Amino acid sequence: MVYSLATVVDLVNTGAGERDGLAEVADLAEFVGRREVSGVRTLTRRDLAEVRALREAFHAVFTAPDQTTAVRVLNTLLGRTRITPSLTEHDGHPLHVHYFAPDASVAEHLAADCGVALAHVLVENERERLRTCAAPDCSHVFVDESRNRSRVYCDSRTCGNRMHVAAYRARARRRDAS
């Protein structure tokens, strides 16, 4: 489940930033390779369009204003997916569950595996862990895995440091102006 949550975060974040991370079929192939999505056949422009639409649906789950809306969006997505659980070991990964049908497209594969992972987050009443970065110039999403649910930035080394430095400089300017 943790790997699928990281995959859905990575997928949604391909749509954040100045350049669309899924602009071309080659970008989708790179994503599939990076996330070690198994059982993927030759990728097409149709696959790209389906995964981009899926990305928007997952983004809607992360940014839903409340639990009811997140559940509705996720149920709609899962309702269009053939879910066929099976245990598997492959590519050096330990035994785990795949939820996609054997002949599933890459979009259906991602919808099933990542959708079920998000469903577990919602069922466990942990929706507040699905977050958008608090930095004003960042729209990345992340899953807050901190014990006290206190993480606010997608990456503490980039957005977190940048925001902390900006706050420090603002305080220094106020002190100097006094």
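Begin by selecting Asn-125, which sits in the loop between helix 5 and strand 3. This is a predicted model, and in it Asn-125 has a positive phi of about 55° although the residue is not a glycine. With the surface switched on, Asn-125 counts as exposed, because its relative accessibility is 55% and the cut-off for exposed is over 50%.

Now move one step along to Glu-126, which lies in the loop that runs between helix 5 (106–123) and strand 3 (130–132). Is Glu-126 buried or exposed? Glu-126 counts as buried, because its relative accessibility is 18% and buried means under 20%. Show the side chains here, and the side chain of Glu-126 can be seen to make a polar contact with the side chain of Arg-129, at 2.8 Å. If the neighbours within four places in sequence are left aside, the residues in contact with Glu-126 are Val-121 and Arg-149.

Before going to the next loop, zoom out to view the whole chain. The secondary structure of the protein comes to 6 helices and 4 strands, and from the N terminus on these elements run in the order α-α-α-α-β-β-α-β-β-α. Taken along the principal axes, the C-alpha atoms fill a box of roughly 70 × 35 × 30 Å. The protein has 178 residues, of which 43% count as buried, and it exposes about 10200 Å², with carbon and sulfur atoms supplying 53% of that area. Among the contacts with a separation of 6 or more, 51% are accounted for by residues 24 or more positions apart.

While the whole chain is in view, colour it by pLDDT. The protein averages a pLDDT of 90, and 92% of the residues score at least 70. Which element has the lowest mean pLDDT? Helix 6 (residues 156–177) has the lowest, with a mean of 67, whereas helix 3 (residues 45–62) has the highest, with a mean of 97. Where pLDDT is low, the predicted coordinates should not be read in detail.

Next, select Arg-35, which is found in the loop between helix 2 and helix 3. Arg-35 counts as buried, because its relative accessibility of 14% falls in the range under 20%. Which residues is Arg-35 in contact with, once its neighbours within four places in sequence are left aside? They are Tyr-3, Ala-6, Thr-7 and Asp-10. With Thr-7, the side chain of Arg-35 makes a polar contact, side chain to side chain, at 3.1 Å. To follow the chain backwards from here, draw a distance from the C-alpha atom of Arg-35 to that of Ala-23, which is 12 residues away along the chain; the two atoms are separated by 17 Å.

Then step to Glu-36, whose place is in the loop between helix 2 (25–34) and helix 3. Glu-36 has a positive phi of about 50° although it is not a glycine. Glu-36 is partly exposed, because its relative accessible area of 41% lies between the cut-offs of 20% and 50%.

For the last stop, select Leu-87, which is found in strand 1 (residues 83–90). Leu-87 counts as exposed, because its relative accessibility is 61%, over the cut-off of 50%. Add Leu-95 and Val-97 to the selection, and the three residues together show a nonpolar surface patch of about 290 Å².

Key:
Residues are numbered from 1 along each chain as its sequence is written. This is a predicted model: local features need pLDDT of at least 70, side-chain atom pairs count only at pLDDT 80 or more; totals for chains, interfaces and linings use all residues. Side-chain values use heavy atoms; hydrogens and water are left out. Patches are made of residues with over 30% relative accessible area and no salt bridge: like charges are joined within 9 Å, nonpolar side chains (Val, Leu, Ile, Met, Phe, Trp, Tyr) within 5 Å. Accessible areas come from the Shrake-Rupley method with a 1.4 Å probe; for residues, only the protein chains shown count as cover. A salt bridge is a side-chain nitrogen of Lys or Arg within 4 Å of a carboxyl oxygen of Asp or Glu. Helices (H or I, at least four residues) and strands (E, at least two) are DSSP runs, numbered from the N terminus. Buried means under 20% relative accessible area, exposed over 50%, partly exposed in between (1.4 Å probe, protein chains only). A polar contact is a pair of N or O atoms within 3.5 Å; within protein, one must be able to donate a hydrogen and the other to accept it, and residues adjacent in sequence count only if both atoms are side-chain atoms. Contact means heavy atoms within 4.5 Å. pLDDT is the predictor's confidence in each residue, from 0 to 100.
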